[in-house]
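Let's take a walk through this one, from a single helix out to the domains and the ligand. Keep the structure open as you read.

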Amino acid sequence: MAETAFLSDAEFEAYRKLIYLESGIHFTQTNRSILEGRLKERLRQNGAATPKAYFDLVSANKEEKNVFLDAITTNLTRFFRNQPHFDALERFVLPELTALKKPSGDFTVRIWSAGCSTGEEPYSIAMLLSEKLSPGFKYEIVASDLSLKSLITAKEGFYDKTRVVGVPDAYLKKYFDHNESGYRIKDGLKTSIRFDYHNLKNISPWRNFDIVFCRNVLIYFDEAAQTAVVNHFWNSMTSKSFLYIGHSESLFGMNTKFEFVKTQWTTLYKKWI
Ligand SMILES: C[S@@+](CC[C@H](N)C(=O)[O-])C[C@H]1O[C@@H](n2cnc3c(N)ncnc32)[C@H](O)[C@@H]1O
């Protein structure tokens, strides 16, 4: 006999709509079981009696809505995820940007890690820039997510040894303190990043980024939400700037003004006006 679904079709539809409207995250019948599993866990923690009772709570209470959205996100990440992106950053993007910036006397490279999860992405960028940025230049990184749980881990900067796989030994020694329980990012690197809550569904007030990383985030949105997010990025970026998306993501066929860039290491996008 088939197992009774945790959500009725009407309940699934109501949750699906709410999540989409609030975050752009798009659940379908194909990934319905992921939503049901995460929802079940949240109900267990919260003590709500039924999915309907929890839906009413989430609809009425902004704080619980944020906890709920956090609970349904996928936060999988790792240090130096997709190394060719970092090779292109070092060998193509940074040389282009610094050559452009020097004559105008602007010696700061501004980066946004949008959907930074638990911090591995912005810390990887910070390590690379600390090592490879041309002398005289400095960098600023803003790292944002809607998952408050992930942001707490990111700000703390503490990772157990299984999570620092992929960090070169020299960087582990230089940028982490190590004890038997794990690896802690040193304060110098930590303070070079500003972690902040931001829901990509909303327009950000942030401007003037030279590079935006939004990797493995758009994959959870449908095309309309992806287009809206990417066009918000456009407004947050300088006239000559670069956009990284995940290696299995694409802006192909999307109504945006970003240009496709093919480097010998990877592909990315640029705003060039
Ligand atoms: C799979 S992780 C990717 C982390 C990192 N960028 C990487 O590539 O390793 C996706 C992140 O996007 C965040 N996210 C999903 N929807 C979001 C939204 N509407 N606003 C902000 N962050 C969002 C999730 O909370 C999650 O931490």
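What should the 14 residues of helix 10 (residues 223-236) span at 1.5 Å a residue, and how far apart are its end C-alpha atoms? This is a predicted model, and here the expected span is 20 Å, with the end C-alpha atoms 20 Å apart, so the two agree.

Now look at which way helix 10 faces. Its buried residues are Gln226, Val230, Phe233 and Ser236. Viewed down the axis of helix 10, these buried residues sit within an arc of 110 degrees, so they line one face of the helix. That fits a general point: an α-helix has 3.6 residues a turn, so residues three or four places apart point the same way. Ala224 and Asn235, on the other side of helix 10, are exposed. As for what covers the buried residues, the list includes strand 1 (108-114), strand 7 (209-214) and strand 8 (237-245).

Next, a single residue. His85 belongs to helix 5 (residues 83-101). Is His85 buried or exposed? It's buried, because 24 other C-beta atoms lie within 10 Å, and 20 or more is what it takes to count as buried. Once neighbours within four places in sequence are set aside, His85 is in contact with Tyr244 and Thr266. His85 and His247 are 162 residues apart in sequence, yet their C-alpha atoms are 8.6 Å apart in space.

Zooming out, the domain assignment splits the protein into domain 1 (9-72) and domain 2 (83-272). Their C-alpha centres lie 29 Å apart. The contact between them takes 8 residues from domain 1 and 12 residues from domain 2. On the domain 1 side, helix 1 (9-23) and helix 4 (62-72) each supply at least two residues, and helix 4 gives the largest share, 3 residues.

And the ligand? The shell around the ligand draws at least three residues from each of domain 1 and domain 2. Of the 25 residues around the ligand, Thr73, Thr77, Gly115, Ser117 and Leu200 come nearest.

Here is how two sets of residues divide by class:

| Set of residues | Nonpolar | Polar | Charged |
|---|---|---|---|
| Side of domain 1 that touches domain 2 | 2 residues | 4 residues | 2 residues |
| Shell around the ligand | 7 residues | 13 residues | 5 residues |

Methods
Residues are numbered from 1 along each chain as its sequence is written. This is a predicted model: local features need pLDDT of at least 70, side-chain atom pairs count only at pLDDT 80 or more; totals for chains, interfaces and linings use all residues. Helices (H or I, at least four residues) and strands (E, at least two) are DSSP runs, numbered from the N terminus. A residue is buried if 20 or more other C-beta atoms lie within 10 Å of its own, exposed if 12 or fewer, and partly exposed in between; C-beta atoms are placed from the backbone. Two residues are in contact if their C-beta atoms, placed from the backbone, lie within 7 Å. The expected span of a helix is 1.5 Å times one less than its number of residues. The arc is that of the directions from the helix axis to the C-beta atoms. Domain bounds come from an automatic or database domain assignment. Ala, Val, Leu, Ile, Met, Phe, Trp, Tyr, Cys and Pro count as nonpolar, Asp, Glu, Lys and Arg as charged, and the others, Gly among them, as polar. A residue is near a molecule or strand if its C-beta atom, placed from the backbone, lies within 6 Å of it.
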